[in-house]
Amino acid sequence: MAHQRGVPGAHPSTAVLTRGFDPRLSVGSARPAVFRSSTYVFATPEAAERAFNLVSGRAQAEPGEVPDLIYSRFNHPNAEILEDQIIPLEEGSDWAIVFNSGMAAIMTSLMAVLRPGDAFVYTVPLYGGTQNLIHELLEPLGIRCRAVVAGHSAELDEAIRTTPDLKVVLIETPANPTMVMTDIKRAALTASHLDPKPVVMVDNTFLGPTFQHPMILGADMVIYSATKYLGGFSDLLAGVALGLDGELNKKIRARRGLFGNILQPDECWILDGRLPTVSLRMNRQSKNAQRIAESLVHRAEVRKVYYPTLFDDPEQIRVRLSQCDYPGAMIALDLHGGKPAAFEFLRHLKLAHNAVSLGGMETLVCHPGSTTHSGCSLEERQIAGITDGLVRISVGVEDWRDLLRDFDHALAMTAKVIEAGITGKTDAK
Ligand SMILES: *Cc1c(COP(=O)(O)O)cnc(C)c1O
């Protein structure tokens, strides 16, 4: 399928609307058709043979040659259109590969590079699913996995320099849920001195693609749960891997064809329609969140507000200013009164929903200790700053004044729990 590549040099918000889709290939339709076929018809037996030689890597495409489509587990038009349109949103990337979930993107990318005996360094806390993938799949396969606490740059440098046979460094920044930031540029620079160089991957789900650009900072690859801000409406699961190195592209694509976890045509079509509004939504969500976070700081029921503009550690402030354009829309509140206060807060929300996940148009609030991070050991939770009184907020696009009123009201209700003397009992466990 031949693609219109848009206007050279266009900015991301223009490129996302003008490349990747040729209306002539969808009978002139202004929006792409959805191609739900599982298989594609060849013009000649020779064309079929050539397509298989190309997809298997036995032959290389000639300059300007567009490989024929074969079978939708390998590739299909809606995946191609989506992949072409998403590239300009991740500055510095040259390829994109779409998956049927964020976990599929992470698993497939790691399995494309790591072999038994190889080493893997990652920051903690990580998304719970990624953490389970490491303990339940990578470690039993004989891959040596080494964790470094998020934000500890010197330790991360040391781990990168001294871990033999290091193949992948996975950084998730900001860390979930307390927003601790890891210096991407510094880790990428340290990795760049190694030969062979490990692949530096960044899970950019929390601030990308609008506010943080890891490829520009030297990362080799960026991974998304597109279920979150890219999808933006809490109505689909998807994942994306983006990068620059052509060999890595081929390896991950080949694994995707093998595992069968390409994103389906309907989901590709929905997601590519969401791309032009990602930065509009994220900017609104970030502005809302900043106003709310900076107001909640003054509430007596709140022990601490975790939000990037409220960092007090000078090194964290430096990292934020050096790698994030805006603070984003995730807030964590540590409430006085432990779990009873946190649960009381959730019970009294009228606008915000009590749900996990993030990045949707609607505001979602959860209690990480009993949900997203319930699989962590007490020690892991302490390292991650996840107390019993912690609640996590994903701010949506509602009017921020209504949200603030909702939070103020729910906090006032927790004050009653705190006053009733339950304070601290569950915190001590
Ligand atoms: C949600 C999430 C994932 C997993 O994505 P799915 O689409 O749910 O598979 C990975 N990393 C981060 C940071 C996430 O928030």
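A salt bridge is a side-chain nitrogen of Lys or Arg within 4 Å of a carboxyl oxygen of Asp or Glu. The model is predicted, so local features need pLDDT of at least 70 and side-chain atom pairs count only at pLDDT 80 or more, while totals for chains, interfaces and linings use all residues. Residues are numbered from 1 along each chain as its sequence is written, and side-chain values use heavy atoms, with hydrogens and water left out.

**Exercise 1. Find the salt bridge that Arg318 forms, and state how many are counted between domain 1 and domain 2.**

Step 1. Take the domain bounds, which come from an automatic or database domain assignment. Domain 1 covers 12-277 and domain 2 covers 279-420.

Step 2. Look for the partner of Arg318. This is Asp183, and the closest N and O atoms of the two are 2.9 Å apart.

Step 3. Count between the domains. The number is 1 salt bridge.

**Exercise 2. Describe the interface of domain 1 and domain 2.**

Step 1. Start with the separation: the centres of the two domains, taken over C-alpha atoms, are 29 Å apart. In the contact (heavy atoms within 4.5 Å), domain 1 takes part with 37 residues and domain 2 with 42 residues.

Step 2. Find the buried area, meaning the accessible area (1.4 Å probe) that two parts lose on being put together, summed over both. For this pair of domains the value is about 3200 Å², with 59% of it on carbon and sulfur atoms. On the domain 1 side, Met181, Phe211 and Tyr229 supply 26% of the area buried against domain 2, more than any other three residues.

Step 3. Count residue pairs in polar contact. Such a contact is a pair of N or O atoms within 3.5 Å; within protein, one must be able to donate a hydrogen and the other to accept it, and residues adjacent in sequence count only if both atoms are side-chain atoms. Across the interface there are 17 such residue pairs, with both residues at pLDDT 80 or more.

Step 4. Name the elements, where helices (H or I, at least four residues) and strands (E, at least two) are DSSP runs numbered from the N terminus. Helix 5 (128-138) and helix 7 (184-192) are the elements that give two or more residues to the domain 1 side.

**Exercise 3. Which residues come nearest to the ligand?**

Step 1. A residue is near a molecule if one of its heavy atoms lies within 4 Å of it. There are 13 residues around the ligand, and Met103, Asp203, Ser225, Thr227 and Lys228 come nearest.

Step 2. Check distances to ligand oxygen atoms. A polar backbone atom of Met103 is 2.8 Å from one. For Ser225, a polar side-chain atom lies 2.8 Å from a ligand oxygen. The side chain of Thr227 has an N or O atom 2.6 Å from a ligand oxygen.

**Exercise 4. What does the salt bridge between Asp272 and Arg31 tie together?**

Step 1. The structure holds 23 salt bridges. In one of them, Asp272 and Arg31 meet at 3.1 Å, N to O.

Step 2. Asp272 lies in helix 9 (residues 265-274) and Arg31 in the loop between helix 1 (12-18) and helix 2 (45-55), so the pair ties together parts that are 241 residues apart in sequence.
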